[in-house]
Every structure is written in structure tokens, then in C-alpha cells.
Amino acid sequence: MLTFADIEAAALRLQGQLMDTPCVASKTLSQITGAEVFLKFENLQYTASFKERGACNKLAQLSAEEQRRGVIAMSAGNHAQGVAYHAQRLGLRAVIVMPRFTPGVKIDRTRGFGAEVMLHGDTLDESRTHALELAQREGLVFVHPYDDEAIVAGQGTVGLEMLRAVPGLDTLVVAVGGGGLIAGIATAAKAIQPGITIIGVQTSRFPAMVNAIKGTQHPQGTSTIAEGIAVGTPGVIPKAIIERLVDDLVLVDEGDIEQAMVMLLEIEKTLVEGAGAAGLAALLKYPERFKRKKVGLVLCGGNIDPLLLAAIIERGMARAGRLARIRVSARDVPGSLAKITATVAGAGANIDEVHHQRAFTMLSAQNVDIELVIQTRGREHIAQVLAVLKTAGFEAEEQS
């Protein structure tokens, strides 16, 4: 059984091999959530994820014979990069099996560390099956992303560092996929501060650990923006620790995670992937639960596809009313469009897109629908733009 001594030993092995990342207060997020919020910036690791802690701890304990054989891992990206980087540092062969949906940025980074990358399967479970077959066939050492005590001990050093940096924390909120991170953190935190509360967070599209611990039957989805925690089968070792030491598990939705990602980017000027924003998503969704608590959040990773990030930012701006789609009906005569755009500009909004719709409308043939996507200062500003358009004689309404 994993012990606090195992995590302390892992911390010694990791010294000088990776960053003791900052754990600092966020005044703005504290004001928004009503909790005293501290952020652990694991997205600042060299591979932009906490995963290299477990990988380093595991590889550092391989025997000479195991090092000669090389290692293999399955991962959606962060564990892959951690294994690949530390295998390269130690001069080991590394083969990584990744699901086909893995973001290109994670594939490229993993290959950049010298690993042999194979894309196989649409889920982590399918990738794991293939990796185990390859391990047996080629004699490679299988490095599991979460169901391994050495991996869990490495991840537990996150909790060790958090409580050393901020001894008064009374609640830790941690993203959960296979469970390795929260299992390690809970082992360390409960040993240091037995009364601390540990809350796990899963995306509602991949609620495997919630189902396993609580006996619920939430359906599993096929994709999520938090692909780093898109795990269909919880780890046996982490599950046993979670049952014993974790106080509760909660679910958040895709929109909650997107909102948290945009807030961290806008407020903290820090980039996190979906899994890295899960903790903040829980605070935003369940504010009463954390109000007046001293809460530590783990920003567990920052590897995200730039195109996905662009889409999330744009959707976040739309939800906040910073982007709006409006429809303006006008007479189809020369100068109408110019008058509309001048009116919008006069109201202080910027036009992002214009679509002049003649065919697909129920208006009379002499009229036209003009759809605009505009940049605004928020909901009140949208209402002001619509009011100005109506004063100018146009029919205008916001589109959902």
C-alpha cells in the first residue's frame, strides 16, 4: 500500500529533475468565487503537465535490465510527454501508443522528445490494449499512466509542495481521470493535515470514477475538451486510495470547463487545457460548497491544440456577450448596408462578420436580412446597439 514515505522518497528522486511549481493566491478568483483560492501552476513544468512527476519517479527506479529493454506507455498526451522526456534524459527507448483523437500539439511534442509514437484506437482503453500487446511482443516495460504505485507516488509530490507552500489550506480540488493525481495528493495531504478536505472533479462526459465510487450509472460520452481526464476505466490502485481518503467527487459540464479556461487565460494570464481548468470549473459550479474555504486548485496541464483554444475563446466571448450575432431587417436599396454599419459603429461596436441574406428569408422581396457578428463590451452594450438601430428605423434583434 502506498505510504507517505513513498511520496517523500519520490520527492527526493525528483529534486533537480523538474520544477517545484509556484502555489500562489489569486485575489481576483477569490473575489469571484467567495473562496480564498490558491493555484498550483503545474502547467509550468517543462512538459506543461504534472505527469512527468510520476514518469520520472517510475523510470528512476527501473533496474539496469529494464532500462536496456526500454519502455512503452499509452496516453492521450501528457503522460506520453513525461515518459518520452525522461526516457530521453536517461537514454532509454520509449514507445508511446496514443488514441487517434489526441491533439496534434501533444503528438508533435512527444515525437520531439525522441519517442516512437503510434496512433491506435479511439479511446485510452483501446490504446492500452494495443500497448500491452506490444510490450509483451517486444519485451518493453509497460509504464501505466495512473495504475502504478510509483506513478501515484510521483504525482503525490504535488500535494506535498502545496501544503509546504500554503500550510493553511483546508480544501484541495483536483481533476480526476484514472485517479493517479488525486490518489497521490490525498495520500500526502491527509498525512500532513488529516482534517483537510479533498474533492475530485470529473467531466460529466467521462464519469467513470464517480460511477465506481458512488455506484451511480452516469452515461459515458465519446469526447470532451478535457481529453486529459477522458478515462473510461478507473485505476485499481487509485480507486482504493480514493475510497479511503477522498471526501467527495463532483461532475462538471463542458461549458463549465470552457468558462474556467477562458477565466484563467483572461484573469491569471495562464494557459491551461481542459483538465487543468476542471478544479476552477467546480468552484464556479458549486460556489456555496467552497465559500470562505481556503482552497488549493491544481492547474494540472497546459497542452492544448491552438485551434481548439481559439474556438473556446470565441465561444467564451459569445457567452459573456463580448461577441453577439444580430439580425437587422432593411429595405433592399443602395446605401442600406452602409447606414446599418455606420449606425453600429456609432454605437461603439465593431463588426466581425457580415452576411447579406436575400434568398433564405420570409421578408418581402423588397427587403433584406443582414446578419452581423459584432464585438461589444457586454450584454448592456448589445442592448444599446439594438436600441440605436431601432431608433435609426431598422428592425433589429439578437440571434441565439
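This passage describes a sheet, two helix packings and a buried helix in a predicted model.

The sheet is open and is built from six strands, which follow one another in the order E1-E2-E10-E7-E8-E9 with mixed pairing. Strand E1, covering residues 23-25, and strand E9, covering residues 248-252, stand at the edges; each has a single partner strand, so one side of each is left without a neighbour in the sheet. From one strand to the next, the twist averages 25°. In general, the strands of a sheet pair through backbone hydrogen bonds, in either a parallel or an antiparallel sense. The pairing of E9 with strand E8, which spans residues 197-203, is parallel and extends over five bridges. Within this pairing, Gln202 has Leu251 of E9 as its bridge partner.

Helix H3 (residues 51-59) takes part in two helix packings, described here in turn. Packed helices are described by the angle between their axes and by the distance between those axes. With helix H5 (residues 78-90), the axes come within 8 Å and cross at roughly 40°; because angles of 35 to 65 degrees fall outside the parallel and perpendicular ranges, H3 is oblique to H5. The crossing of H3 and H5 is right-handed. On the side of H3 the contact is made by Lys51, Glu52, Ala55, Cys56 and Leu59, while H5 contributes Asn78, His79, Gly82, Val83, Tyr85, His86, Ala87, Arg89 and Leu90. By character, the residues of this contact divide into seven nonpolar, four polar and three charged.

The second packing joins H3 to helix H8 (residues 149-165), at an angle of about 130° and with the axes 7 Å apart, an arrangement that makes H3 oblique to H8. The crossing of H3 and H8 is right-handed. From H3, the residues Lys51, Arg53, Gly54, Ala55, Asn57 and Lys58 meet Ala150, Ile151, Ala153, Gly154, Gln155, Thr157, Val158 and Glu161 of H8. The residues of the contact of H3 with H8 divide into five nonpolar, five polar and four charged. Lys51 and Ala55 of H3 are listed in the contact with H5 and also in the contact with H8.

Helix H13, which comprises residues 278-285, is largely enclosed by the rest of the structure, because six of its eight residues are buried. The buried residues of H13 are Ala278, Gly279, Leu280, Ala281, Ala282 and Leu283.

Methods:
Residues numbered from 1 in each chain as written. Predicted model: local features only at pLDDT ≥ 70, side-chain atom pairs only at ≥ 80, totals over all residues. Heavy atoms only, no water. Pairing = 2+ DSSP bridges. Helix = DSSP H or I, 4+ residues; strand = E, 2+ residues; numbered from the N terminus. Axes fitted to C-alpha atoms, helices over the stretch in contact; angles between N-to-C directions. Parallel < 35°, antiparallel > 145°, perpendicular 65-115°, else oblique. Left-handed = near helix turned anticlockwise from the far one by under 90°. Contact = heavy atoms within 4.5 Å. Nonpolar A, V, L, I, M, F, W, Y, C, P; charged D, E, K, R; others polar. Buried < 20%, exposed > 50% of the residue type's maximum accessible area, 1.4 Å probe, protein only.
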